[in-house]
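The following exercises ask the student to read a protein model step by step. Please attempt each task before turning to its solution.

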Amino acid sequence: MDQWWNERFVNRRDYILDHFEQLSLTCEECMAVLLIDFMNQHSIAISHGILASKMKMDGNQIDELLSRLHQKGILQITYQDKKVVFLIDGIFDTPKENDMNFDQSLFDTYENEFARPLSQLELQRMSDWMG
């Protein structure tokens with residue numbers, strides 16, 4: 001089953017740039033992700049050397065950068081069809097800093113988010129709304 005970010009109509013780079021502040025990436029990490037996405041879309045071979053050249057970094061810096069992206073769960077480097085493949089699907093599939101946690105009731109979530117208890121009127125309205 002295809003994921004939403006692999007649909008034809010999704011502009012992955014627009015998504016990355018639009019959600020940049022939520023992705024917990026440095027500028028260098030974001031640039032590497034954007035380059036990898038661009039190169040994948042246009043079937044351009046990716047290597048450490050090519051990324052180092054494009055980003056004007058040495059091999060050690062690229063290794064550290066790619067390692068950080070891997071540790072964050074954003075980048076996966078695999079071997080498919082006799083080629084090294086750089087996958088960044090993790091950037092679309094990982095929880096963002098601002099994602100809400102719904103492991104608690106709606107009432108508890110509200111009280112935690114607004115740092116105050118619900119008033120009697122608010123409790124009644126939410127109870128009525130929830131049925």
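**Exercise 1. Surface and interior**

Task: State how much area the protein exposes, and what share of it carbon and sulfur atoms supply. Then state what percentage of the residues is buried.

Solution.
Step 1. The structure is a predicted model, and its protein exposes about 9,300 Å².
Step 2. Carbon and sulfur atoms supply 51% of that area.
Step 3. The protein has 131 residues, of which 29% are buried.

**Exercise 2. Order of the elements**

Task: How many helices and strands are there in the protein, and in what order do the elements run?

Solution.
Step 1. The protein contains seven helices and two strands.
Step 2. Read from the N terminus, the order is α-α-α-α-β-β-α-α-α.
Step 3. For contacts between residues at least 6 apart in sequence, 43% join residues at least 24 apart.

**Exercise 3. The hairpin**

Task: Describe how strand E1 and strand E2 are joined, and whether they run parallel or antiparallel. Then examine the backbone at Asp 81.

Solution.
Step 1. Strand E1 covers residues 76-80 and strand E2 covers residues 83-87; the two run antiparallel and are joined by five bridges.
Step 2. One of the residues to locate is Thr 78, whose bridge partner in E2 is Val 85.
Step 3. Two residues lie between the strands of this hairpin. Asp 81 is in the loop between E1 and E2, and its phi is near 50°, a positive value in a residue other than glycine.
Step 4. Asp 81 has a relative accessible area of 70%. The cut-off for exposed is over 50%, so Asp 81 is exposed.
Step 5. A positive phi, of about 55°, also occurs at Ser 24, which is not a glycine. Ser 24 is placed in the loop between H1 and H2 and is partly exposed, with a relative accessible area of 33%.

**Exercise 4. An aromatic pair**

Task: Are the ring planes of Tyr 15 and Phe 92 stacked, edge-to-face or tilted? Decide also whether each residue is buried or exposed.

Solution.
Step 1. The count of aromatic pairs is one.
Step 2. The ring centres of Tyr 15 and Phe 92 are 5.5 Å apart, and the planes meet at 50°. Planes under 30 degrees apart count as stacked and over 60 as edge-to-face, so this pair is tilted.
Step 3. Tyr 15 belongs to helix H1 (residues 12-18) and Phe 92 to helix H5 (residues 90-93); the pair links distant parts of the chain, 77 residues apart.
Step 4. Buried means under 20% relative accessible area. Tyr 15, at 18%, is therefore buried, and Phe 92, at 5%, also counts as buried.

**Exercise 5. A network of charges**

Task: Which residues are joined into one network by salt bridges that share partners?

Solution.
Step 1. Side chains of opposite charge can pair when their charged atoms come close. The count of salt bridges here is four.
Step 2. Glu 28 and Arg 68 form a salt bridge at 4.0 Å, N to O. Glu 28 lies in helix H2 (residues 27-41) and Arg 68 in helix H4 (residues 59-71), so the pair ties together parts 40 residues apart in sequence.
Step 3. Arg 68 also meets Glu 29, at 2.9 Å, N to O. This pair likewise links helix H2 with helix H4, across 39 residues.
Step 4. Glu 29 in turn meets Lys 72, at 2.7 Å, N to O. Lys 72 stands in the loop between H4 and E1, 43 residues from Glu 29.
Step 5. Shared partners thus join Glu 28, Glu 29, Arg 68 and Lys 72 into one network.
Step 6. Glu 29 is buried, at 1% relative accessibility. Partly exposed are Glu 28 at 40%, Arg 68 at 30% and Lys 72 at 37%.

**Exercise 6. The nonpolar core**

Task: How many residues does the largest nonpolar core have, and which helix gives the most to it?

Solution.
Step 1. In soluble globular proteins, nonpolar side chains tend to be buried together.
Step 2. The largest nonpolar core has 26 residues; among those with the most contacts inside it are Ile 16, Leu 51, Leu 66 and Ile 91.
Step 3. At least two core residues come from each of H1, H2, helix H3 (48-55), H4 and H5. H2 gives the most, with seven residues.
Step 4. Apart from neighbours within four places in sequence, Leu 51 is in contact with residues including Leu 35, Met 39, Ile 62 and Phe 86.

How values were computed
Residues numbered from 1 in each chain as written. Predicted model: local features only at pLDDT ≥ 70, side-chain atom pairs only at ≥ 80, totals over all residues. Heavy atoms only, no water. Pairing = 2+ DSSP bridges. Helix = DSSP H or I, 4+ residues; strand = E, 2+ residues; numbered from the N terminus. Buried < 20%, exposed > 50% of the residue type's maximum accessible area, 1.4 Å probe, protein only. Contact = heavy atoms within 4.5 Å. Areas by Shrake-Rupley, 256 points an atom, 1.4 Å probe, with all protein chains shown as cover. Phe/Tyr/Trp six-rings, centres within 6.5 Å; stacked < 30°, edge-to-face > 60°. Salt bridge = Lys/Arg side-chain N within 4 Å of Asp/Glu carboxyl O. Core = buried A, V, L, I, M, F, W, Y, C linked by side-chain atoms within 4.5 Å.
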